[in-house]
Each structure stands twice: as structure tokens, then as C-alpha cells.
Amino acid sequence: VGRTFRGIALTATILILIGATILYYFGFNDITNTAERLWAALFHSISAYNNAGFGLWSNSMENYRNNWVVNIVIILLIFLGGLGWRVTSDLWANRRYLKIRKLSLHTRLVIRTSLILIAFGTFGLLLTESIAQSDLFISSNFHEGFFTVLFEAVSARTAGFTNMSISTKTISDSGLLILMTLMFIG
């Protein structure tokens, strides 16, 4: 039990600190107060890795919708935290070979299922929102829209962050159904 707990704590600490460092130096550059920026980076890194979805701001991550660094770091932390320690430990143990057959059945199932759900959510939202001509694509270019739906697809499953205002005015009913399906599964 002790060795497993140390492994879990060490893995979580390393990933959270890497995420917080990247958010501090490259993500939350608009926060001028050093202590505030450090707190925001650490808080959101912990929240994303633990799939809590708590944000310091009332609009979650909407202010950083077009900040690629923030979006990618939060997406990766949510994804890695959602995989669980056993999967990340298995990936780390097999990092030199990284052959699918070397990974445990559990790891393969978790990764495949996660990637399928992310792809389903991302492409489903891209399709429904482009057909419905929702505010998501009217107010942004394709790359911004893609990152927004990718962020929402990853976050909806487990975390709860949002980088856009989600309502019947900003997203289609089909898009809301996709998000609710991902939330139900997650």
C-alpha cells in the first residue's frame, strides 16, 4: 500500500507541477501579480488533473478560449488525470517500447475508450455546430472553433471546465445532447 501510494502521489505531483509551470510562464501571462498568477496556475492545474473542473473565475476558462497554451495544458491534464494512475504507470513503465501489445488490457481499453469518446465528442460537435451555424462558428475561425469543441468534448466527460458560454443560444440542441451524453458516460 505504501509503495502504491507513493507512486500515485509522485505521479500526480510531477504532472501537476509541470502543468502549473507551463500555465504560469506561458498561459496566464495577462495576470500581472506574481502571487496571483502562481495561485491561478497551481489551482487550475490541480483542478484539471483531478477532473474537478473548479475555476477561479465565474466564467470558467472563457477568458482563455483563444489561448492555445492554456487549452492544451488543461486538456492534457484532464486526459491524464482521467486515465488514472494505473494507466499512467503502465505507460511510464513501457515508455521505451510503447508497443500496444506490451501494455496491459486495462490500459489499452481505457486509452482506446477515452480517445473514441473524445473523437466522437469533437467531431460530433464540429458537425452539429457547423450545420446549425451556432455562435461557436460564427464568432470564430475554424481553428478556434476546433479547439473550443475539443476542449468541451474532453472537459464534458469528466472535468466540467468550459471555455464558452453554454446555453441554448450559443450551442444547438444536438450539440447539447452530445455534451450531455459525454457527461452521462463520464
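Let me begin with a term: a residue is called buried here when its relative accessible area is under 20%. With that in mind, and bearing in mind that what we have above is a predicted model, I would like to start with helix α7 and then move outwards to the cavities, the cores and the largest pocket.

How many of the 17 residues of α7 are buried? The count is 12, so this helix is largely enclosed by the rest of the structure. The buried residues are G145, followed by F147, T148, V149, L150, F151, E152, A153, V154, S155, A156 and R157, and you will notice that E152 and R157 are on that list alongside nonpolar residues such as F147, V149 and L150. As for its geometry, α7 covers residues 142-158, and at 1.5 Å a residue it should span 24 Å; the C-alpha atoms at its ends are 25 Å apart, which agrees. Just after the helix, G160 adopts a positive phi of about 100 degrees.

Now to the enclosed spaces, of which the structure holds two with a volume of 30 Å³ or more. The largest cavity has a volume of about 60 Å³, and its lining consists of N51, I78, F79, G82, L83, S114, V154, R157 and T158. Two elements, α3 (68-83) and α7, give two or more residues each to that lining, with α3 giving the most, namely four residues. By class, the lining has four nonpolar, four polar and one charged residues. V154 and R157, then, are buried residues of α7 that also line this cavity.

The second largest cavity, at about 30 Å³, is lined by R65, N66, W68, N71, H143, E144 and F147. Once again α3 and α7 are the elements that give two or more residues to the lining, but here it is α7 that gives the most, with three residues. Two of the lining residues are nonpolar, three are polar and two are charged.

Let me turn to the nonpolar packing. Which members of the largest nonpolar core, with its 30 residues, touch the most other members? They are L23, F28, M61, V70, I74, I78 and F161. Helices α1 (2-27), α2 (34-49), α3, α5 (105-132) and α7 each supply at least two residues of this core, and α3 gives the most, with eight residues. I78 belongs to this group and also lines the largest cavity.

F28 deserves a moment of its own. Leaving aside its neighbours within four places in sequence, F28 is in contact with L23, R37, A40, A41, H44, W57, M61, Y64 and V70; of these, L23, M61 and V70 are themselves among the core residues that touch the most other members. There is also a second, separate core of 11 residues, which includes V149, A153, A156 and I178, and V149, A153 and A156 are among the buried residues of α7 that I listed earlier.

Finally, the largest pocket, which holds about 380 Å³ of space. It is lined by G7, L10, T11, I14, L15, L80, W85, T88, S89, L91, W92 and A93. Both α1 and α4 (85-93) supply at least two residues of the lining, and α4 gives the most, with six residues. What is the make-up of this lining by class? Eight of its residues are nonpolar and four are polar, with no charged residue.

How values were computed. Residues are numbered from 1 along each chain as its sequence is written. This is a predicted model: local features need pLDDT of at least 70, side-chain atom pairs count only at pLDDT 80 or more; totals for chains, interfaces and linings use all residues. Side-chain values use heavy atoms; hydrogens and water are left out. The expected span of a helix is 1.5 Å times one less than its number of residues. Buried means under 20% relative accessible area, exposed over 50%, partly exposed in between (1.4 Å probe, protein chains only). On a 1 Å grid over the protein atoms alone, a cavity is a set of points where a 1.4 Å probe fits but cannot get out, and a pocket is an open set with protein on both sides within 12 Å along at least five of seven lines; lining residues have an atom within 4 Å of a point. Grid points are joined across faces, edges and corners, and a volume is the space filled by probe spheres set on the points. A nonpolar core is a set of buried Ala, Val, Leu, Ile, Met, Phe, Trp, Tyr and Cys residues joined through side-chain atoms within 4.5 Å. Contact means heavy atoms within 4.5 Å.
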